[in-house]
Amino acid sequence: MKVIVIGAGFGGLGVALKLRAAGHRNITIYERAPEVGGTWWYNTYPGAACDAPSHVYSYSFAQNVEWSRRFAPGHEIQAYLKRCVLDGGLADAIHTNTEVSSAVWTGRHWKLTSANGRTDTADVLVAAVGQLTEPAIPPIEGLERFAGPLFHTARWRHDVDLTGKRVGVIGTGASAIQVVPAIALAAEQTVVFQRSAPYVFTKADVEYTEKLHQRYRRLPGLKTAARQGIWAYFEMVTAAFTRFPGVLSALGRIHRRVLRSQVPDLQLRAKLRPDYPIGCKRILISDDYYATLSRTDVTLEADPICRVTEVGIATDATLHELDVIIFGTGFRTTSFVPSVAITGRGGRTLADAWSQRAVAFLGLSVPDFPNMFLVYGPNTNLGSGSIIYMLEAQADHIVDAVDQLSQTSARVIEVKAATYRKFLVDIDKRQQHTAWHGCHSWYLDEQQRDTHNWPWLMSDYRRRTRRVRSSDYSITAGEDQTARMDCCSSSPCQRP
Ligand code: NAP
C-alpha cells in the first residue's frame with residue numbers, strides 16, 4: 001500500500017514512524033513548510049514553549065532524556081522531531097516546501113495535486129494538517145493604516161527588533177501569555193489588549209540538571225514512571241473536564257488566591273479576574289505573566305479596541321501610540337483541513353460533508369471518503385494533558401487499517417454511515433456534561449457546538465481506537481472490483 005501523509009508535524013510524523021516500524025515502506029510525506037515540526041516550526045515567537053510537561057509531550061516510542069526543562073522550549077521540541085525523523089529513517093520520505101492543494105478519490109486511489117503542480121497517487125491518504133495552523137487576524141477597523149510592522153505570533157518577524165520600541169499585543173491566550181514577558185524585557189513600553197481575562201496558574205517550570213539526565217539514562221524505568229505519573233494526573237483532570245466540571249470550581253477559588261498573591265495592585269487585579277466559568281477556555285500556566293503585567297512599563301488595556309490608526313490602537317478613552325502591533329489572536333479553527341480541497345466519492349467534498357458541522361468517527365474517518373484518515377481531526381483535542389497521547393492512538397488505528405488492507409485482498413476501507421451517525425449522537429449526549437460551554441472559545445463552531453474536544457477520558461480514546469473493527473468499517477475489494485464481481489455474477493455478462 002502506498003500511504004501519503006499531508007503534514008510533517010507531531011501527528012503526521014507519528015503515523016509515518018509507526019507505519020515504518022510496522023514494516024510499511026511505501027510512505028510519502030508532503031509538508032508545506034521548509035522543515036518538519038508543524039506548529040513547532042511555525043511558532044518561533046520569543047518565549048514559545050510547551051505548556052504540557054516534556055516527559056509526556058514526546059512519543060512513547062522515542063522518549064527523550066535530554067529535555068533542558070520541565071516545559072521544554074519550542075526549539076528543543078522542533079529539534080526532537082528532527083531527530084525522530086533521522087532515527088526513524090524517514091528523511092527520504094519527506095518532501096518539504098510542497099503544499100498539497102487538492103486530493104480526489106478516483107474510486108481506487110487518491111490523486112493529489114500540489115500547489116507547485118506536482119501530482120501523486122496514494123492508496124491511503126492521511127491528512128495531518130493540525131487544528132491550529134491558519135492564523136486569525138481580526139478585522140479591526142483601520143488595520144491597513146498602521147504605519148509600523150504588524151504580525152501574528154505564529155508568523156514571527158525575526159527581522160523586527162523590538163528593543164526600545166512601543167509594542168502592542170492583542171490577545172491574552174496561551175501564545176500571548178508566553179510572548180508578553182519576553183517582549184517586555186526588550187521593549188520600551190508594552191501594551192496588552194485584553195478582551196477576556198484568562199485563568200493563569202503557576203507553571204512551576206524547573207531546569208533539568210545533568211545529574212537528573214544521568215539518572216534517567218541509568219534508570220529508564222524512572223523516566224517511564226515519571227511519564228505514567230504525569231499521565232495519571234492528567235487523566236484525573238480530564239475526568240473533571242468531561243464528567244465533573246463542578247470540581248473545577250475549586251480551581252477557580254485557588255485562582256483567586258493566585259491573583260491575590262501575585263498582583264498587589266487592586267485595579268490591575270480587578271481587570272485580571274475572569275468573568276466566565278473556569279475550564280470553558282483553556283486554563284493557562286505561566287511563572288511570569290502576572291509579574292510582567294505589574295511592571296511599570298507594561299499596561300493592561302481591558303477596554304475594547306475601537307480602531308487602529310496610523311500611529312497606534314485606539315479604545316474609546318485612549319489612543320495608545322505604538323511602533324509595532326503583534327496579534328496573539330489565535331487561529332481559524334472551525335474549518336478543519338482548510339488548505340486542501342478534498343473530494344471523496346461521487347464528487348462530494350469534505351467541505352460539503354462538514355457544511356453543517358465538522359465530525360469524524362473518532363476524529364479519524366468520514367463516510368464517502370474511503371481510505372482517508374484524519375489526524376488531530378474534529379473532537380480529538382484535550383482540555384489538559386498531552387495531545388501526543390491522542391496522536392499516537394490515531395497512528396495505531398491507521399497502522400491497523402493499513403495492515404488489514406495489506407494483509408488481505410481488500411483494497412478499500414470506509415467507516416459505515418450507521419457507525420458515524422451513532423458516534424454523532426453519542427458525542428452530542430456526552431458534550432452536555434463537559435466544561436467546554438459557557439463562554440466564547442476556539443473550541444466552538446458558529447452554532448456554539450464543541451467541534452474540537454474529546455468528551456470522554458483519554459484512556460477511552462485509546463481503547464476505542466486500538467483496533468479497526470469490521471463492525472465499524474466496511475472493508476472491501478474496492479469499487480471497480482465490486483462492480484466487476486457484480487457484473488460477472490449476473491449472467492449473461494455483457495461486455496461493453
Ligand atoms: P487563543 O487561545 O485563541 O487566544 C486568542 C486571544 O486573542 C484571546 O485572548 C482572544 O480573546 C483574543 N482575541 C481574538 N480576537 C480578538 C479581537 N478581535 N480583539 C481582541 N482580542 C481578540 O489563541 P492562542 O493563544 O494562539 O492559543 C491557541 C491554542 O494554541 C491554545 O489554546 C493551545 O491549545 C495552543 N497553544 C499551546 C501552547 C503550548 O504551550 N503547548 C502555546 C500556545 C498555544 P477572547 O479570549 O476574548 O476570545
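**View 1. Q194 stretches its side chain over to K271.** In this close-up, the side chain of Q194 reaches the backbone oxygen of K271 at 2.9 Å. Everything you see here, and in the views that follow, comes from a predicted model. Q194 sits in the loop between strand 10 (189–193) and strand 11 (200–201). Is Q194 buried or exposed? With a relative accessible area of 6%, Q194 is buried, because anything under 20% counts as buried. Setting aside neighbours within four places in sequence, you'll find Q194 in contact with T172, K271, L272, L300, E301 and A302.

**View 2. E134 is another loop residue, and here's its company.** Look for E134 in the loop between strand 7 (124–127) and strand 8 (150–152). Its relative accessible area is 13%, so E134 goes down as buried. Which residues does E134 touch, not counting those up to four places away in sequence? They are R32, F331, R332, P338 and S339.

**View 3. Strand 4 pairs with strand 5 and also with strand 18.** Start with strand 4 (residues 100–105) and strand 5 (residues 110–114): they run antiparallel, and 5 bridges join them. To pick out one of these pairings, find V100, whose bridge partner in strand 5 is S114. The hairpin made by strand 4 and strand 5 has 4 residues between the strands, and in this hairpin G107 takes a positive phi near 105°. Now turn to strand 18 (residues 341–343). How do strand 4 and strand 18 run, parallel or antiparallel? They run parallel, joined by 3 bridges. Here A103 is the one to spot, with I342 as its bridge partner in strand 18.

**View 4. Helix 5 has a buried side and a face turned away from it.** Helix 5 covers residues 210–218, and L212, H213 and Y216 are buried in it. Why can we say that these buried residues line one face of the helix? Peer down the axis of helix 5 and the buried residues fall within an arc of 100°, so one face is what they line. What do they pack against? That would be helix 6 (220–242). On the face turned away from the buried side, helix 5 carries the exposed residues K211 and R218.

**View 5. A226 in helix 6 meets H55 and Y216.** Zoom in on A226, which lies in helix 6. If you skip its neighbours within four places in sequence, A226 is in contact with H55 and Y216. Y216 should ring a bell, as it's one of the buried residues of helix 5. Have a look at G385 too: A226 and G385 are 159 residues apart in sequence, while in space they are 14 Å apart, C-alpha to C-alpha.

**View 6. The ligand sits among 23 residues.** Of the 23 residues that surround the ligand, the closest are A49, D51, S175, S196 and K281. Which helix gives the most to this shell? It's helix 4 (residues 174–186), with 3 residues. Next, check out some of the contacts made by ligand oxygen atoms. One pairing puts a ligand oxygen 2.7 Å from a polar backbone atom of A49. At G173, a polar backbone atom is 3.4 Å from an oxygen atom of the ligand. W442 uses its side chain instead, with an N or O atom 2.9 Å from a ligand oxygen. How much of the ligand's area does the protein bury? Taken alone, the ligand exposes 910 Å², and the protein buries 84% of that.

Key. Residues are numbered from 1 along each chain as its sequence is written. This is a predicted model: local features need pLDDT of at least 70, side-chain atom pairs count only at pLDDT 80 or more; totals for chains, interfaces and linings use all residues. Side-chain values use heavy atoms; hydrogens and water are left out. Two strands pair if DSSP finds at least two bridges between them. Helices (H or I, at least four residues) and strands (E, at least two) are DSSP runs, numbered from the N terminus. Buried means under 20% relative accessible area, exposed over 50%, partly exposed in between (1.4 Å probe, protein chains only). The arc is that of the directions from the helix axis to the C-beta atoms. Contact means heavy atoms within 4.5 Å. A residue is near a molecule or strand if one of its heavy atoms lies within 4 Å of it. A polar contact is a pair of N or O atoms within 3.5 Å; within protein, one must be able to donate a hydrogen and the other to accept it, and residues adjacent in sequence count only if both atoms are side-chain atoms. Accessible areas come from the Shrake-Rupley method with a 1.4 Å probe; for residues, only the protein chains shown count as cover.
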